[in-house]
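User: I am in my first year and still learning to read models of proteins. Could you take me slowly through one part of this one, with the reasons spelled out where there are any?

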Amino acid sequence: VSADEAVRVLVVDDHPVWRRALTRDLGDAGIEVVGEAGSVGEAAATARATRPTVVLLDLQLPDGHGADAIASFADLDPVPHVLVLSASGESTDVLAAVRAGACGYLTKSAQPEALVSAVRATHLGEPVFTPSLAGLVLGEFRRLSHDPGPERPLLTDRETEVLRLVSQGLNSKDIAARLVLSHRTVQNHTQSVLTKLHLHNRVELTRYALEHGLDQQ
Amino acid sequence: VNSTHLDRAEALQLALHRALVLFHVLTLVAAAVVVLRRDPAHPAGAWAAYAAMGGWTLVLARTPARVMATHPRVWVAAATLLTVVLALATLPVLGTAESHAGAITLPGTWGAGCVLLACTLTGRVIPVAVASLVACADIVVRGRLATTTATNTMILVLTALVVSTLIHAATDATKRLAELSAEQAAEAASRAERERLARDVHDGVLQTLAYLTREAPRLSPVEVQELASAQSEQLRLLLVSDNAIGTTELDVSSLVREQVAQRATRLSPPPQLALPAEPVRLPSEAATALARAVGACLDNVVAHAPTAESFVLVDEFFSNGNRTVVVNVRDTGPGIASGRLAQAAREGRLGVSGSIEGRLASVGGSATVRSAPGEGTEVELRVSG
């Protein structure tokens, strides 16, 4: 059984032309697109109806931010993995989406082959780190390291090292060779970086909810 | 009004004041010599008159022009009164007969001093009026209107007119000159700003537009979009730059973006930037040196590996309260054989050692190069801040 057979993609973008182009590129590579949506509201409803494993998500949507859509996927089964595909690359938008749970980020200028392999990796829950995303995440952890809070997430030295090499455009095979690690270990490190960020976000959201009495509703 | 204007106006006022004092001193000596050689009927009266004139001359010399300018009419009135009184005193001091016979008064040409004072301190009407008053006193002393007296009167009034006109012209010219230089300074500043914008727009936006014009048919729409969006970002940065003139700290990321944008048309594929979302601030000198060193690294990529992939990472480390900003520039080009850089430096080609290491050393930073043939080149630039 090839992994492709299980890949079910939902394309969320407010430009129909873009949705069509993405659907075509993925279809050419044998990946099934189960639905299209043009807004946060549509994305939530379509995801519920079509049960995608991967959501290809634009960030600027007419009725909200892509990060809001990610939150609405949390109670689905399976919870789809989110790959952000954004034109602006505005760093705060991308960070917000990654904190909210996105597994990766590509700019819309990415070549179709890069997109296809990123969708496959996302389907398997592997992070898709471009150098620019790795730089943002590295910066976010630097920022968090100054927080006084006890739950602040910290990267291990090894994770920092891996992330710095990803930022400089090395792939996991190169990194494994340079650090004398197995390919699998390098992937575990990048995975754990994202997991720490997602967990921290969840902790922050929970604390916010407790502080504001939202858990009683 | 700016300081240049004040400086120039003050300089003119000072020069006029000096000339006025000089006139008073010279004419005082001349008048005293002429009168005292004629054996006046009351020498003591003559000496007293010259003492008064000397005193007044001293007062004029010691009083700054701007102080007199605060009450111009009072000073002119005092000077005129003193001059008229001293002129009329010629009658008792020299004796009526001698006064009527001679063509002189006690103040003599010193009497024109109050007219000049009026010229420097007031408009054109008052000097003429003062000149007329002094001339009348002379006529009274002579007892009649002789030809010479009439000539003297005319000279005095005309002098008042001409000198006051000249002084006004000079003052106006000074003011205009000051306004002109203020305008010129403002114009030069706006021209410099325009040139800076033009340079930045040219380095980035125009270069990219030119490139698109030529290459667009061969580029994918996505590449066109990427180039265009990079430049719109660059224009936005230019217009709302955090790094405005006069700030003491600069964001290294913004400066690195500018360096990359300046070389956008010469590096294909464009360098991939890995930057934190928050600004990475350094003192402006260190930030500029670091960004220029990054630019020099990219120039090396342009020169030796223009089609290689390149990556720029801006990061910062904290250890024991010390902060270090680290920028990594990596390319996937042919790489450099070991010893090649040292050899280049020995041969006087200073690409890496001069424009990169030298720049960083000047702000207490350092650079390390890691490269091998076929493995690309990695430069790590560090500055503490």
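Analyst: What follows is a close look at chain A, with a short visit to chain B at the end.

Please keep in mind throughout that this is a predicted model.

A good place to begin is A:Thr190, which is found in helix α9, the stretch of residues 183–211 of chain A. Is A:Thr190 buried or exposed? Its relative accessible area is 10%, and since anything under 20% counts as buried, A:Thr190 is therefore a buried residue. Setting aside residues up to four places away in sequence, A:Thr190 touches A:Pro127, A:Phe129, A:Val162 and A:Val166. The side chain of A:Thr190 also has a polar atom that lies 2.8 Å from the backbone oxygen of A:Gln187.

From there we can turn to helix α7 of chain A, residues 157–167, where A:Arg158 lies. With a relative accessibility of 30%, A:Arg158 counts as partly exposed, because that class covers what falls between the 20% limit for buried and the 50% limit for exposed. Which residues does A:Arg158 meet, once its neighbours within four places in sequence are left aside? They are A:Leu179, A:Leu181 and A:His189. A:Arg158 and A:Val186 are 28 residues apart in sequence, while their C-alpha atoms are 9.3 Å apart in space. Within chain A, the side chain of A:Arg158 makes a polar contact, at 3.1 Å, with the side chain of A:Glu161. It helps here to recall that an α-helix has 3.6 residues a turn, so residues three or four places apart point the same way.

The loop between α8 (172–179) and α9 of chain A holds A:Val180. The phi of A:Val180 is near 50°, which is a positive value in a residue other than glycine, and A:Val180 is exposed, with a relative accessible area of 72%.

A positive phi also appears at A:Arg51, where it is about 50° although the residue is not a glycine. A:Arg51 comes just after helix α2 of chain A, in the loop between α2 and β3 (54–57), and at 46% relative accessibility it counts as partly exposed.

Helix α2 of chain A itself, residues 40–50, has as its buried residues A:Val40, A:Ala43, A:Ala44, A:Thr46, A:Ala47 and A:Thr50. What covers these buried residues includes the strands β1 (8–12), β2 (32–37), β4 (60–61) and β5 (64–65), together with the helix α3 (66–72) of chain A. In the loop between α3 and β6 (81–86) of chain A we find A:Pro78, and the peptide bond that leads from A:Asp77 to A:Pro78 is cis, with omega near 0°.

Chain B has a cis peptide bond as well, running from B:Ser268 to B:Pro269 with omega near 5°, and B:Pro269 lies in the loop between α11 (252–262) and β2 (272–274) of that chain.

Finally, how do two helices of chain B, α2 (residues 43–62) and α4 (residues 72–88), pack? Their axes are 11 Å apart and make an angle of about 165°, and as angles over 145 degrees count as roughly antiparallel, α2(B) and α4(B) are therefore roughly antiparallel to each other. The contact is made by B:Ala49, B:Ala52, B:Met53, B:Trp56, B:Val59 and B:Leu60 of α2(B), and by B:Trp75, B:Ala78, B:Ala79, B:Leu82 and B:Leu86 of α4(B). By class, this contact has 11 nonpolar residues, with no polar and no charged ones.

Notes:
Residues numbered from 1 in each chain as written. Chains lettered and ligands numbered in written order. Predicted model: local features only at pLDDT ≥ 70, side-chain atom pairs only at ≥ 80, totals over all residues. Heavy atoms only, no water. Axes fitted to C-alpha atoms, helices over the stretch in contact; angles between N-to-C directions. Helix = DSSP H or I, 4+ residues; strand = E, 2+ residues; numbered from the N terminus. Parallel < 35°, antiparallel > 145°, perpendicular 65-115°, else oblique. Contact = heavy atoms within 4.5 Å. Nonpolar A, V, L, I, M, F, W, Y, C, P; charged D, E, K, R; others polar. Buried < 20%, exposed > 50% of the residue type's maximum accessible area, 1.4 Å probe, protein only. Polar contact = N/O pair within 3.5 Å; in protein donor to acceptor, adjacent residues only side chain to side chain.
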